[in-house]
Each structure stands twice: as C-alpha cells, then as structure tokens.
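Trainee: Please take me through the wording people use for a model like this one. I'd like to know what stands behind each label.

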Amino acid sequence: MADTPILKIKPIKGWVAIDLKELWHHRELLYFLVWRDIKVRYKQTILGATWAILQPFLMMVVFSLFFGKFMKVPREGIAYPLFSYAAILPWMVFSEGVTRSTNSVIQSSNLITKVYFPRLIMPLSSIISPLIDFGFAFLVFIGLMFYYGFPPSIKILLLPVFLLLALITALAVGLWLSAINVQYRDVRYTIPFLIQFWFFASPVVYSSTSLPKSWQLFYSLNPMVGVIEGFRWILLGTAPPGSLMIVSITIVLIMLISGAFYFRRTEKIFADVV
Amino acid sequence: MIRVEKLGKLYHIGEKTPYKTLREAITNIFTAPFKKLKNGLKSKEQSLSYIWALKNVSFQIKKGEVVGIIGRNGTGKSTLLKILSRITPPTEGYVEVHGRIASLLEVGTGFHPELTGRDNVFLSGVILGMKKAEIKEKFDEIVAFAEIERFIDTPVKYYSSGMYVRLAFAVAAHLEPEILLVDEVLSVGDVAFQKKCLGKMGDVAKEGRTVLFVSHNMPSIINLCQRALLLKAGRLEKEGSPKDVIQYYLDTVRSASGQIVWPELDKAPGNDIVRLQAVRILQEGIDGPTADVDISKEILIEMSYWNLREGTFLYPCIRLRDGVGTFILTSSNHKSISLTEDSWSGRAYPNGLFKSICRIPGNFLNEGLYSIGVVVGKDVLNTQILLEYLLSFNVHDTGEMRKEYLGSWAGPVIRPRLAWETVFLGNNEQ
C-alpha cells in the first residue's frame, strides 16, 4: 500500500492557496453539475429552448425600436438589430453567469453541509451552464446575419476567445459575490440593481465610440466593454477594441485572482453558515 | 488508519442567525465605536456566545477497524464526522488519515427530484466521490440492490419514499473507499431493507475497510463494531468494547431524579417555533418525578413545551427504547394514534406553555432499564425537536404478575397481560 494517500486535516488560518490539481481531480463532478443544471433547466420548462431564443430576441426588438428607431443611437453603420444583438449575446452569458454563481453556494447548502469537494466548483459550474442558452441564441444571430445580408467573416473563429473572456469576467465577479453572499444574505437583493447598472455601463445599446476620448480609459475599466466591443469586431467588423482590451484583460485577471483567493479564504466557514 | 490529536471545534452560537446582513455590517462600522464606549468592560460577555462543540478529542483507529460513536444529541458526534470528512475545518488539533475516505452523512446527497433514477445514480455517485467509469461498471448492481429496475427511468419525484431511500442507499453502499464515515443513515427505510443495508455494512467491515459509524441504534453498534467511543459535551468520555461503553452510557443517562428541566427558555432545546421546558417520568403513588417505577402501574411521561409562534399546529411524541437501545415504540397525540382523544390534537396552539402526558399502561413493559426520547413536531410530519435517550427509568417487578410463575422474565422487552382462553374438547379419543 505504498500509494495510500495521506490526508492531514488542520485548522485553516488566513489565506489559502488555490489547489488547481484538486480541481482537476474533481473535473467529473464539475461536468455532472453542469449537466444537471442543463438537464433540469430544459426539462422543467417546456419553454426551455424557446426561452433561450425568445429572451435575447425580444430584448433586441425592444432595443431596436427605442434606441435604434426612435432615439437613433449611433451604430457604426450597422443595422441596429445586428448591432445590439451582437452585444446581447455576451451580455446574457455574463449577467446569467453572475446571477447564478452568486446564489450557487447558498443554493447547494445541502451538498456543502454533507459532502466534501472543492467549493470553487459551485460558482464554476454555474457560469458554464448558461452556455447552452448562448448556443441557441447564437443560432438566431447567424439567421439574422443572413437576413440582413451580412455573412459572417473568417474572424468568427476568434469567437471562443471572447466568449472565454466573457465567462472569466462572470466568474471573477461571481467568485466575489458568491462568497460575500454566504456571509451577508442581503447581497442577493442588490444583484438585479448591480446587473442593471452594469448593463448601462456597458456598450450594449450604444457604441463605446460615442463616448468622449477622455473617458475611454476610465470606461474600459469595465471589462465587459472589451468583451462586447470584441464581439462586435469579430461578428460585425467594427473597429477592433485594441488597447482597451489590455486594460479589460488586466482588470479581469486581477478580479479573478483576488476573487479566487477571497473565495478560498471564506470557504472554510461555508458549511457552518449556509 | 485515522489519528485524531487534540481535536477541537469552536462554534459561534450567535443571536438569531449565523450570518449577517451587509446593511448591519455597514451600520456596525459606524456604530461600533459608540457601542464599545457604552458597554465598556462588558465585552467579556461576548465570549459566552461561543461553544466548544468538540474539545481535546484524541483517538486512533486502526486499519480495518469498525468503530461506533455514541452520545446524546449535540455532543459533537456529527461535528466530529464533519471535520473528518473535511466539510468544516477544526479550530485546533489535527487529524491524519491514511487512505481514501468517503462520508455518508445523509441518504440521497445530491439527488435531484426532477431527474430520473438513472441520472441520479450518476449524479449522486460522482458527488459522493466515485468516478463515472466506476458507476457505469456497477450500475446494474446498484439498481438490482435497490430493487427498482422498473422505475429506473422515472423521475425520482414520483418515487415513494421507500424507493427513494433504497436507491439512495444503494448508490452509497457501492462506494468503495478505504475509510467510510457513516452518520445515522441506517435509521431510514423499511425493516427488510435496513437488514440488507446492515448486511452490506457488515460485508464492508469484513472486507477489511475502516468504518466510523455514528448511531443511536445500540444493537447495530454492538453487532457491527469492534470498539465504541462515547462523546459527552464535546469530549471523549469513554472508549472500549461496544458493550461496556453502551452500558456506561445508559448508566450515566439514567438520571436519578426522573426529570430534566430547562429553566432558561433561550437555552432549552428547540427553535423559534417551539422549545422544551421539561420532561418528567411520573407514577401514581410516588411524589414528584421518579426514575424507578412499579411494573403494575401506569407510567406517565410528561413533557412541557413552549409554543412561540401563534397558531402553530404542534404535536408531542415519545420514543421508548430498551436498555440496549432497541426501539420499542413511538406514540403521538394524533387523533388516530392516541387511545384517548387529546383536546389539543390538531388544534392551532396559541403562544404559551403546554403540558402533554402520555400514559404507558401498567403490566406492559418488562422489568429492566428503559429510556425515553421526545419529539415535538409541527403540522403532520415536520420534526422541530428530536431528543433521544433523554431520560431513563427502571421498571421494577413488584410481584403483581408473580403469584404462580416465579422464574426469570429476562429476555422479552415487553410483558403485557394478554387474554387467554382454554376450552375442554372432551376425553373421547375418536
């Protein structure tokens, strides 16, 4: 029995390292939790897939009507429905991811108090499951592109890069909020407001080029700016986000790493508090 | 092998909720300095809201040993298992575990009602620490063990509770860790299935696996375990052979006074709906509570409890066990269960103190040691308080049933008077 693993359980004090090896060891659990979320989501509501298509589509219709037609928001020479839908795609991934991951730890209190696994899996799995909705919504987008005579270019191959960035942004925010949410239960009530605020601070219904130059740097501190402008660039051929991306990526990485450490620091009390 | 060294866990038994609100936290930042000024030296009081759920616990478990942990509710048994399964970290001390460990603190961990039995086997299996390939390999065996082949593709929300438990346990029973931690899970399911599970547990033990087993079921501890640990108020009170430890435990539980009273409401067992006030054993002809009763007379179990939420439908219930912990009976004041009609049964309780009395008939129990546990439930089956082994009492044979037969009555748990009738069928052999 030379390979008998030895486990040492000791009091946990202060900051804790992020054990990537252990996360990797539990990858099947991550897979099954995502699988469960998707299966339950599409089983419980007959509308499941329809809803995933309808929600962004209706948003696009409303935005096109008010911001596009009545207010005539500058759209860099692109049909407004395409212009807004290209932003709604990553926005939904982000907002759904943040909302679900914030509640992820509390909602799985029955697991957390009964079985051990790396707790990071909870917020991680809840940002991944909205990807199916993204898939459906994206199919609609391809349809729209052809409808408006705007066939996708080769740049569409970069989609995974920006999608990943949207996911990581959602995870970074979700890590912070899910851990805070365990300790402070009123946090979840502030989420709808936070998401709404963030929505208007991101270039979903307008273009970031509408902002004065002097504001650009400050504006790009919001990592979703880089993600959304990136989506528009690869899907619609608008100006590439350029140097804004560097700021966005830096901010995201700082938030992600600090969020992961904060999560690890607080997770020891999860089982006692949830 | 498990080595536990001076293990301790400090819990905050805070005011109403263990968690705070951000709003409070922010206002605290501003008001805290003033509060400190106001309270001055009072800050010592705060340390009272902490409790050592475990303190200075040390023991070793050898490879292949099956060890039972016993003790009253709230003595740290579950905390110990939670620390060993890494659900919560200890406050002090350390544990060294050699070998893969799996814990079974609940039946059906990770089950989702919307998913089918098949889906749940995989989900629950992975959550409990199995690999997907491993579950695939054992899938048929798990389904056969649970005896639900026909319903494996039905969502578990349509399962009866028995089917649900069988499937959940079947998954757990096929875990193959080197060390298994089990908490009280055998107390569910029907008798036949319980036996099957006990058998499976016995097999696990025979295969040389290490098992740590928390239970109120003393006979199963005696049957399964080679050693037992007794926890009392977070400390390791005694360890040794299961028989010795259980005997010692029941002796210490036996309160000579025949009553247990919680004078302070906020320290009494319960929650913000109901709290216990006292439990007493009484008998006609004896002044006050008693731990020694006459076999031939009625035994009165009296429980007093506070209803703290206007309009709650409460019901009291007792649980009777014999000297080694065999569950003998449970009874409540529900209309169809009670022999007499209890005027408060099925009625909304106003706020206040209530006293319920359950009468165990005379000439029903055998002589010997018994223990009483109580339950207070809400609505139909919503347990609010459950305390096992709360009080124990001795039934003494006074000779009422001993006018003809003078031999030993040892063995049977109960000794009721039953109706007998003999008929002379004649002396003609044809």
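Trainee: In chain B, what share of the contacts with a separation of 6 or more joins residues 24 or more positions apart?
Mentor: That share is 69%. A contact here means two C-beta atoms, placed from the backbone, within 7 Å. Keep in mind that this is a predicted model, where local features need pLDDT of at least 70 and side-chain atom pairs 80 or more, while totals for chains, interfaces and linings use all residues. Residues are numbered from 1 along each chain as its sequence is written, and chains are lettered from A and ligands numbered from 1 in the order in which they are written.

Trainee: What makes a residue of chain B count as buried, and what percentage of them are?
Mentor: Buried takes 20 or more other C-beta atoms within 10 Å of its own (12 or fewer is exposed, in between is partly exposed, with C-beta atoms placed from the backbone). Of the 430 residues in chain B, 36% pass that test.

Trainee: How are α8(A) and α12(A) oriented, and why?
Mentor: Helix α8 (residues 159–183) and helix α12 (residues 243–266), both of chain A, pack at about 30°, with axes 8 Å apart. Angles under 35 degrees are roughly parallel, over 145 roughly antiparallel, 65 to 115 roughly perpendicular and the rest oblique, so α8(A) is roughly parallel to α12(A). Axes are fitted to C-alpha atoms, for helices over the stretch in contact, and angles between N-to-C directions run from 0 to 180 degrees.

Trainee: Why are α6(A) and α8(A) called oblique?
Mentor: Helix α6 (residues 121–128) of chain A meets α8(A) at about 140°. That falls in none of the named ranges, so the pair is oblique.

Trainee: Which residues meet there, and of what classes?
Mentor: Met122(A), Pro123(A), Leu124(A) and Ile127(A) of α6(A) meet several in α8(A), including Leu171(A) and Gly174(A). The classes come to eight nonpolar, two polar and no charged. Nonpolar covers Ala, Val, Leu, Ile, Met, Phe, Trp, Tyr, Cys and Pro; charged is Asp, Glu, Lys and Arg; the others, Gly among them, are polar.

Trainee: How do you know that β1 of chain A pairs with β4(B)?
Mentor: Pairing needs at least two DSSP bridges, and four join β1 (residues 6–9) of chain A to β4(B), running antiparallel. Leu7(A), for one, has Val97(B) as its bridge partner.

Trainee: Which element gives the most to the side of chain B that touches chain A?
Mentor: There, 42 residues of chain B contact 32 of chain A. β4(B) gives the most, with six residues.

Technical notes: Helices (H or I, at least four residues) and strands (E, at least two) are DSSP runs, numbered from the N terminus.
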